[in-house]
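Reader: Please present the structure, and then let us discuss how its sheet and core are arranged.

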Amino acid sequence: MIRKPLPVLLAFLGMPVSAAGVELSIEGLSGALQDNVDAYLVSIREEEYSTSLRFQSRIERTITEALNALGYYHPTIDFTVAESSDELIATVTPGEPVRIKLVDIVVTGEAENDDSFTNLIKRSGLKEGRRLNHGAYDALKSGMRNLALQRGYFNGQFEQSRLEVVPELNQAFVRLHYDSGKRFHFGETSVKGSQIEEDRVQSLQPYKKGEPYLASKVGEYNQNLSNTDWFSSVFVEPDLESLGDDRELPMKVSLAPQAQNKIETGLGYSTDVGVRGTLKWKKPWVNERGHSFDSSFSLSAPEQTITAGYKIPLEDVLHEFYQVQYGMKNVDNRDTKSLESNLSLERHWLVDDGWNKTVRVRYLIENYTQGLQDDVGQFVLPGVSFTRTRIRGGAMPTWGDRQTLTFEYGDSAALSETRVFRVLGGSSWIRSVGRNHRGLLRMEGGANITDEFTKLSPSLRFFAGGDNSLRGYGYESISPTDESGALTGAKYIFTSTLEYQYRVTGNWWGAVFFDAGDAFNDSPDIKRGTGVGVRWASPVGPIRLDFAWGLDANKGDEFKVHFTLGPEL
């Protein structure tokens with residue numbers, strides 16, 4: 001028996017409820033039958049409920065319609081009015097269901113041998129001997145129409161589409177005959193409204209002229225054009241007015257130029273650097289070949305940074321390009337005072353399995369004071385980097401990983417202070433179990449292989465500690481020290497994080513974590529940090545607030561609060 005007081009039923013269905021009202025109890029149903037009846041009853045307003053014969057007749061019709069949709073054409077419904085006259089009880093017996101006697105589904109035309117149609121029909125659930133479900137029939141019929149449009153059968157039509165029900169025999173007959181006609185192919189692409197040369201625009205096409213039409217390819221082309229940031233609006237569509245005897249279907253691309261100058265400002269905060277202000281100036285397109293320029297200025301108490309970059313896209317516009325970058329950074333943090341300049345020339349590729357490869361050569365000059373050391377360092381560092389990021393699930397991904405690996409080499413015979421081989425790498429994973437449980441694992445490391453460590457500039461040395469390193473310790477507060485006790489930076493670094501998160505409610509999560517690692521010259525003296533935190537998937541991105549204890553920190557300096565805004569990967 002299923003008993004639903006009317007106010008409870010209406011609240012379940014999302015309708016307003018008054019304190020007083022007739023209670024409606026439905027007995028004899030469960031599962032999908034009860035759910036469908038509930039869905040049909042939502043069309044009846046709460047103030048219309050009564051125990052009258054007229055209302056009982058209306059309820060009977062509504063329940064019958066709901067059961068018919070699921071193949072039950074012979075329900076019996078008995079009503080009982082409680083002695084208090086404030087409760088109407090409907091006792092429902094569904095009866096024997098109608099079963100499918102015949103399934104006559106035929107696809108003709110060029111889609112006859114299209115596996116997509118074959119698989120759609122197999123998944124429909126319409127098989128002889130099964131209970132009739134009108135929803136399954138309607139879903140298959142609309143699914144065939146949609147699939148035809150997605151795969152270029154624009155002249156397709158049903159020659160026969162009938163669902164025949166014989167309630168007296170409890171039998172149903174499904175007849176769907178679909179003639180797809182021919183499948184159209186991609187034709188010539190015309191481009192309107194572009195300020196970028198047409199060969200640049202058409203190089204982003206994921207299809208070739210003469211290939212069978214696929215709506216997903218049209219969507220991919222639309223996304224590729226949007227990702228260039230060259231255009232303020234993008235619209236790609238087939239020219240259906242040109243349908244005819246010709247198999248090739250012309251494609252139309254309508255574009256509007258992006259503004260040539262974009263300025264962004266921002267204000268942020270983290271416990272590592274405190275308040276940080278940013279100003280960005282970007283030119284999404286500089287010329288008709290799609291070159292672009294971007295620059296930024298970032299200001300905080302310990303660090304001030306200026307960067308500028310010029311990008312030259314190649315044949316694969318989105319993934320292959322040259323880039324010239326210049327950056328200047330001033331640091332005044334703990335025992336480090338530094339003014340560094342970096343100029344780099346880079347070549348970017350997209351290689352197998354989503355990996356991005358970057359080959360670069362950079363020139364670094366740095367005027368610095370590090371502890372007792374006061375010097376100027378100069379390095380020419382050719383190198384190569386590999387990165388890959390995969391994410392599913394929005395601001396708080398349910399699944400994701402990020403891998404990075406960088407190699408750099410400098411030599412005293414080629415304008416560098418000393419010979420050095422640098423290796424830096426990192427790996428992060430996010431995995432979820434259900435909707436409410438997330439885990440984060442992160443490992444990062446680096447090494448400077450050199451015989452003259454003291455000749456390395458501070459920006460090439462390693463420091464640990466802070467919001468995204470070892471929580472429970474100050475920003476870049478961990479490294480070897482000199483005889484004065486000042487930090488010197490390290491040859492090597494290794495840090496790791498293990499974190500578990502639980503969804504408390506909505507976009508709010510609680511977290512517990514354990515960090516471990518060290519920045520060292522010879523052998524590590526592992527520092528450990530642990531704590532709890534709060535995560536919020538805010539409209540401007542994930543926000544993290546952590547309360548951390550450095551288990552190996554100096555006495556009196558064990559507790560830190562860490563606040564950050566930004567993605568986890």
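**Sheet and core**

Author: Strand 8 and strand 10 pair in the parallel sense, over six bridges. Strands are DSSP runs of E with at least two residues, helices are runs of H or I with at least four, both numbered from the N terminus, and two strands pair if DSSP finds at least two bridges between them. This is a predicted model, in which local features need pLDDT of at least 70, side-chain atom pairs count only at pLDDT 80 or more, and totals for chains, interfaces and linings use all residues. Residues are numbered from 1 along each chain as its sequence is written, and side-chain values use heavy atoms, with hydrogens and water left out.

Reader: Which residue in strand 10 is the bridge partner of T189?

Author: Strand 8 and strand 10 are parallel partners. Within strand 10, T189 has as its bridge partner M251.

Reader: Why is one side of strand 8 and of strand 9 left without a neighbour in the sheet?

Author: The open sheet has three strands in the order 8-10-9, with mixed pairing. Strand 8 and strand 9 each lack a neighbour on one side because each stands at an edge, with a single partner strand.

Reader: Which element gives the largest share of the largest nonpolar core?

Author: A nonpolar core is a set of buried (under 20% relative accessible area, 1.4 Å probe, protein chains only) Ala, Val, Leu, Ile, Met, Phe, Trp, Tyr and Cys residues joined through side-chain atoms within 4.5 Å. The largest has 22 residues, and strand 8, helix 7, strand 9 and strand 10 each give two or more. The largest share, four residues, comes from strand 10.

Technical notes. Buried means under 20% relative accessible area, exposed over 50%, partly exposed in between (1.4 Å probe, protein chains only).
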